[in-house]
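Welcome! Please take a moment to look over the sequence and the model, and then we can walk through some of the details together.

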Amino acid sequence: PGVFLPDVVNAHTAFSLSPNIETYLVWKTLEPFNAYTGWPMAATTTFNECPDVDVLIIGMMAPDSAADQEIIKFVQQKAKHANAIIGICYGVLVLGSAGLLEGKRATSNFSVGDSLKEFGATPVLTSEVVIDGNLYTAGPAHGCFEAAIEVISTLRGDDIAKTIELAFEYDPHPKFKVGSPSLAGPELAQKISNKHQEMTNTYLNAARTAYQTTRNNVNNLDDC
């Protein structure tokens, strides 16, 4: 619930165009729910039924997802077997909650990018995909597709990745060229940051609490 569709659908579609691929949209149940802005949708499989995956994609979800232990445990479990982990926008904070950013270079949207250091990451403030090992992080919307292309290139080869990029006719021509804080300038960047501040704070507070739980669990295991 609350998923921002471009954060997952772009990658989902890109991978679907790669040969011999099975894709899943996963949630706790198969009951319909509303995405961000109210778009109705439903999962294709559940946490309990989802097999291990080669690629795990976490996009923006409802703010309380960053502290949802059922989500966090699912992410931790699937991340152990994944060849690539993609975190997009606020979804990167779910990876932070799960302890998967520790020691990694990572990015997110510009409202939370610098805060990733609270989860053990080295923040990279950029609008490009940041790759560290098998972790791929990016900002919203177009970042999801670009991260998918990077992963497909790594796992399936450049030729397949090129055909998918062309199939999308991916050659952006933004009208205003204000798609990053450096391009938009401080006034517009601050306006957007202020607009989303309440949501950002909710995400961060949830993720901080969950990350502390994750660290406590690790420390308890170390003490055993």
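The paragraphs below visit a sheet, the helices beside it, and finally the cysteines.

Keep in mind from the start that this is a predicted model. A good place to begin is the open sheet, which has four strands in the order S5-S6-S10-S9, with mixed pairing. Its edges are formed by S5 and strand S9 (130-132), each of which pairs on one side only. From one strand to the next, the twist averages 15°.

Let us look at one end of that sheet. S9 and S10 run antiparallel and are joined by three bridges. Here you can find Asp 132 standing opposite Leu 135 in S10.

Now turn to the helices. H4 packs on the sheet, where it touches S5, S6, S9 and S10. The direction of H4 makes about 170° with that of S6. Helix H1 lies across S5 and S6, and it runs at about 155° to S5.

H4 deserves a visit of its own. This helix covers residues 142-156, 15 residues in total. From its first C-alpha to its last it reaches 21 Å, close to the 21 Å expected at 1.5 Å a residue. Just after H4 comes Gly 157, whose phi is positive, near 105°.

Which residues of H4 are buried? They are Gly 143, Cys 144, Phe 145, Ala 147, Ala 148, Ile 149, Val 151 and Ile 152. As you read that list, a general point about helices is handy: an α-helix has 3.6 residues a turn, so residues three or four places apart point the same way. And what do the buried residues of H4 pack against? Their partners are helix H1 (6-16), strand S5 (55-58), strand S6 (84-88), strand S10 (135-138) and helix H5 (158-167).

Our last stop is the cysteines. How many disulfides does a search of the whole structure find? The search finds zero. Cys 50, for instance, is in no disulfide, and the nearest cysteine sulfur, that of Cys 144, is 17 Å away. Cys 50 is buried, with a relative accessible area of 7%.

Why does Cys 89 have no bond to the closest cysteine sulfur? The closest one belongs to Cys 144, and because the two sulfurs are 11 Å apart, they are too far for a bond; a disulfide needs the sulfur atoms within 2.5 Å. Cys 89 also counts as buried, at 5% relative accessibility. Cys 144 itself takes us back to H4, where it is among the buried residues.

Technical notes. Residues are numbered from 1 along each chain as its sequence is written. This is a predicted model: local features need pLDDT of at least 70, side-chain atom pairs count only at pLDDT 80 or more; totals for chains, interfaces and linings use all residues. Side-chain values use heavy atoms; hydrogens and water are left out. Helices (H or I, at least four residues) and strands (E, at least two) are DSSP runs, numbered from the N terminus. The expected span of a helix is 1.5 Å times one less than its number of residues. Buried means under 20% relative accessible area, exposed over 50%, partly exposed in between (1.4 Å probe, protein chains only). Contact means heavy atoms within 4.5 Å. Two strands pair if DSSP finds at least two bridges between them. Axes are lines fitted to C-alpha atoms, for helices over the stretch in contact, and angles run from 0 to 180 degrees between N-to-C directions.
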